[in-house]
Amino acid sequence: MNYELRITNYESIETVHGVNNSSLSLREHTSCDGPGVRAVLAGMLLVVSMTFAGCTPETAPEPENAVENTESGISEASESSERPAEEANPEAPEEQQPETPAEVETVTGPPVLARKMYRATNIASTGEPGVGFGGLCVSDVDPRYDGPEVIAVSDIGQVVVAHRVVAHGVSGGLWAQEEVYRSPEKGELIMVDAGRLFPEKNLSVIVAVGMKSGPESDTGEGVAIGLWFESDSWRHEIFAEDERMLHGVAIGNFDASRAGDELCVMGFSGKVFQVFPGTEIPKEVIYEAPSSKIKVGAVEDVSEESASEEELLVAASDGLVVMLDRGLGGEWAKSIVASTPDSPMARVAVKRGLMRGGEKIASLFGDDYGNVYMSYYNAGEAGGSWSMEPFALPPADTDASGAKTKIRGVAIGDFDRTSPGMELASAGYSKLVRVLGSPGGWTIVWEDSAPLHFLLAADLDQTNDTIELVTTGHSGRVTMLAAP
Ligand SMILES: [Ca+2]
Ligand SMILES: [Ca+2]
Ligand SMILES: [Ca+2]
């Protein structure tokens with residue numbers, strides 16, 4: 001039996017605020033009794049957030065193992081994708097829907113979604129048993145190899161750079177990796193980004209953030225390490241330190257008062273710092289969320305009204321996602337992208353592109369409770385505004401026992417050529433990567449052997465006409481996923 005996410009009145013979901021949750025139906029066997037639709041009206045800002053936090057898959061048909069065409073050595077995935085109904089039953093929800101057909105067996109388990117496994121390629125590993133990767137980025141950081149590299153950072157402070165193996169002009173899909181840095185004090189590195197931080201040099205600089213020493217903690221000191229390849233070797237330098245863990249990093253051209261790309265780091269002190277590598281300028285606090293952890297940042301060209309070429313979005317545990325950019329006069333413009341006070345935000349993606357019939361700018365965020373949210377940017381004379389979409393978001397991400405699990409990756413891109421324009425994707429502690437295509441909702445496209453901690457979109461395979469997903473986490477492996 002196939003899992004089938006049936007979305008009734010699909011078009012009306014995207015246009016009607018305050019839509020009844022029950023119009024999202026999982027074969028008519030899912031009910032939503034959670035907080036549902038929440039509206040916040042603040043000045044010009046209209047945020048309507050819709051969560052399916054209360055959604056409980058009360059009945060679920062037995063999943064069909066729809067693994068197709070996985071082409072890597074990661075065999076656990078196809079094994080673990082077999083989920084016999086009998087193993088997933090110990091804690092069925094107490095409340096039963098009276099209308100549940102008697103012949104449908106009641107089970108708990110991960111959200112009831114279709115499975116269509118993408119082709120998986122193993123790109124890199126930590127090479128250390130029990131050591132996971134935290135975050136990833138894609139950038140052309142190593143001039144010895146054509147095309148972009150994939151950079152990953154690990155729990156014990158490794159920075160690994162993976163490149164495609166090309167011999168005599170031929171690439172067979174193989175990847176090789178090099179460990180370019182390892183923390184002398186095993187300081188956990190959690191996120192990484194790269195960009196042209198030295199305007200006078202034609203090279204992309206990696207910035208990895210995390211703990212100065214030891215594993216992630218609420219009290220330890222944070223560090224941001226810069227790495228770049230110059231004169232035939234890898235160089236590294238401490239770009240910034242903070243009294244608390246640095247958890248997020250974003251590089252982009254979001255400051256119009258300076259040439260080239262800028263660097264921001266953020267973390268458990270609740271501060272976002274602009275950092276000026278290669279100069280004597282001290283780091284500067286550009287945003288602060290007291291008693292909050294600022295987990296991540298993302299950069300995109302959002303606003304055509306602003307002086308800066310790009311904008312920076314940061315997401316914090318207080319549920320706020322804020323957009324920042326600096327004008328020619330040096331003043332920071334700040335606006336709220338989303339406000340979900342009950343949702344500690346942990347991941348953010350923002351992307352401009354073709355989506356549902358037109359050019360849109362979409363931001364996707366994931367929280368600690370399995371929820372994924374989306375907001376659209378609406379251009380306007382007052383600098384524009386964001387509106388949360390009551391879109392066809394999935395039920396909360398859950399593990400095999402039905403417990404809600406943290407979202408630890410969101411991505412936007414054209415992952416699926418059978419569905420027009422861009423799709424949305426999420427990943428997390430459920431070990432699942434899910435893609436929202438059309439028609440008909442979310443599809444599980446990958447199941448890892450361990451909780452996932454990051455997800456991004458990148459065109460790493462130019463031989464197809466889709467964007468790839470790249471994910472990593474506690475398994476200590478980086479996996480590239482391409483639609484079959
Ligand atoms: Ca700039
Ligand atoms: Ca598509
Ligand atoms: Ca591609």
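In this predicted model, four strands come together as an open sheet, arranged in the order 8-35-34-33 with antiparallel pairing. Its edges are formed by strand 8 (119-125) and strand 33 (452-458), each of which pairs on one side only. Across the sheet, neighbouring strands are turned against each other by 25 degrees on average, direction ignored. A closer view of one edge helps to place these elements: strand 33 runs antiparallel to strand 34 (residues 468-473), and six bridges join the two. Within this pair, Leu455 stands opposite Thr471 of strand 34. As general background, the strands of a sheet pair through backbone hydrogen bonds, in either a parallel or an antiparallel manner.

A second region worth visiting is centred on strand 26 (residues 358-367), which is mostly covered, with seven of its ten residues buried. One of its partners is strand 25 (residues 345-355), which runs antiparallel to strand 26 and is joined to it by ten bridges. Here Arg352 has Ile361 of strand 26 as its bridge partner. The two strands make a hairpin with two residues between them, and in the turn Arg356 has a positive phi of about 45 degrees.

Strand 26 also pairs with strand 27 (residues 372-378), again in an antiparallel fashion, through five bridges. In this pairing, Gly366 is matched with Val372 of strand 27 as its bridge partner. Strand 26 and strand 27 likewise form a hairpin, with four residues between them. The turn of this hairpin contains Gly370, whose phi is positive at about 85 degrees.

Terms used:
Residues numbered from 1 in each chain as written. Chains lettered and ligands numbered in written order. Predicted model: local features only at pLDDT ≥ 70, side-chain atom pairs only at ≥ 80, totals over all residues. Pairing = 2+ DSSP bridges. Axes fitted to C-alpha atoms, helices over the stretch in contact; angles between N-to-C directions. Buried ≥ 20, exposed ≤ 12 C-beta atoms within 10 Å, placed from the backbone.
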